[in-house]
Amino acid sequence: MQKRSRSNEESEKQQSGFERKDLFRDTYVRYLGYANELGESFRALVPLNVVRLSYAVAISYVVADAAHKGNEARITNWPDPSLRNKKITHAVFDTVLWQGLASVAIPGFTINRLCAASAFLLRKTTSLPSGVRKWTTTFIGLGAIPIIITPIDRSVDYSMNNTIRKWYEIGPVETKVVHHSRDCDTPTEILMHDKPRQP
């Protein structure tokens with residue numbers, strides 16, 4: 001089989017969107033998905049409506065990313081319109097589910113419970129003033145955010161790959177649209193890097 005030149009490969013990757021920077025994944029916009037974790041961290045210090053607003057920001061990010069991925073699937077050159085519609089549905093559904101779990105539900109619940117447990121322990125085991133306990137709880141929540149991100153992302157990837165993603169196929173081209181996976185060696189990445197399948 002004739003090998004493709006490096007320039008052709010680069011051109012194909014650019015056309016497929018593989019190397020194009022993703023506004024919702026590869027820029028600071030990504031951090032809007034963690035707004036609710038900030039809200040949960042500050043829950044003890046701010047009005048409840050501020051926490052609710054943080055969830056509204058995070059959910060808006062999820063919806064915007066899903067719309068973006070649906071459009072990426074729409075402009076991809078699929079063989080026929082019916083396949084395009086199917087892939088658009090897959091891209092939107094996969095993004096809403098993945099982001100909803102990895103960016104909103106699981107980390108929000110994790111920070112909420114962590115801060116609640118910290119507040120309880122501080123109240124029961126220390127004589128610190130209320131204000132100090134609240135700020136301590138907030139800092140614990142903020143400090144936990146960068147620690148939980150990667151394990152949650154990878155756990156959601158693993159869970160979806162072994163459950164719901166078996167129902168709808170995410171092929172090589174579609175993988176380049178949704179590209180949720182991080183830097184772990186998965187079948188998805190093998191496809192994204194155009195590695196040959198093992199017999």
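**Exercise 1. Find where Glu37 sits, and say which residues it touches.**

Start with the helix: Glu37 belongs to α2, residues 35-41. Helices here are DSSP runs of H or I with at least four residues, numbered from the N terminus. Keep in mind that this is a predicted model, where local features need pLDDT of at least 70, side-chain atom pairs count only at pLDDT 80 or more, and totals for chains, interfaces and linings use all residues. Residues are numbered from 1 along each chain as its sequence is written, and side-chain values use heavy atoms, with hydrogens and water left out.

Next, list the contacts (heavy atoms within 4.5 Å). Skip the neighbours within four places in sequence, and Glu37 is in contact with Ser103, Pro107, Gly108, Ile111 and Ile145.

**Exercise 2. Work out whether Glu37 is buried or exposed, and what its nearest side chain of opposite charge is.**

Step one: Glu37 is buried. That word means under 20% relative accessible area, while exposed means over 50% and partly exposed is in between (1.4 Å probe, protein chains only).

Step two: look for a partner. Lys and Arg count as positive, Asp and Glu as negative, and His and the chain ends are not counted. The nearest side chain of opposite charge is Arg30, 7.7 Å away. A salt bridge needs a side-chain nitrogen of Lys or Arg within 4 Å of a carboxyl oxygen of Asp or Glu, and Glu37 has none.

**Exercise 3. Describe helix α4, then place Ile111 and Ser118 in it.**

First, the helix itself. α4 covers residues 81-125, so 45 residues, and spans 64 Å from its first C-alpha to its last, close to the expected 66 Å (1.5 Å times one less than the number of residues). At Leu101, α4 bends by about 40 degrees; that is the angle between axes fitted to the seven residues ending there and the seven starting there.

Now Ile111, which lies in α4. Ile111 counts as buried because its relative accessibility is 0%. Beyond neighbours within four places, its contacts include Glu40, Ser41, Gly141 and Ile148. Ile145 is another contact of Ile111; the two C-alpha atoms are 7.5 Å apart, though 34 residues separate them along the chain.

Finally, Ser118 is in α4 too. Ser118 counts as buried because its relative accessible area is 10%, and it touches Thr137 and Ile140, not counting residues up to four places away.

**Exercise 4. State how many helices and strands the chain has.**

Count them up: seven helices and zero strands (a strand is a DSSP run of E, at least two residues). Of the 199 residues, 37% count as buried.
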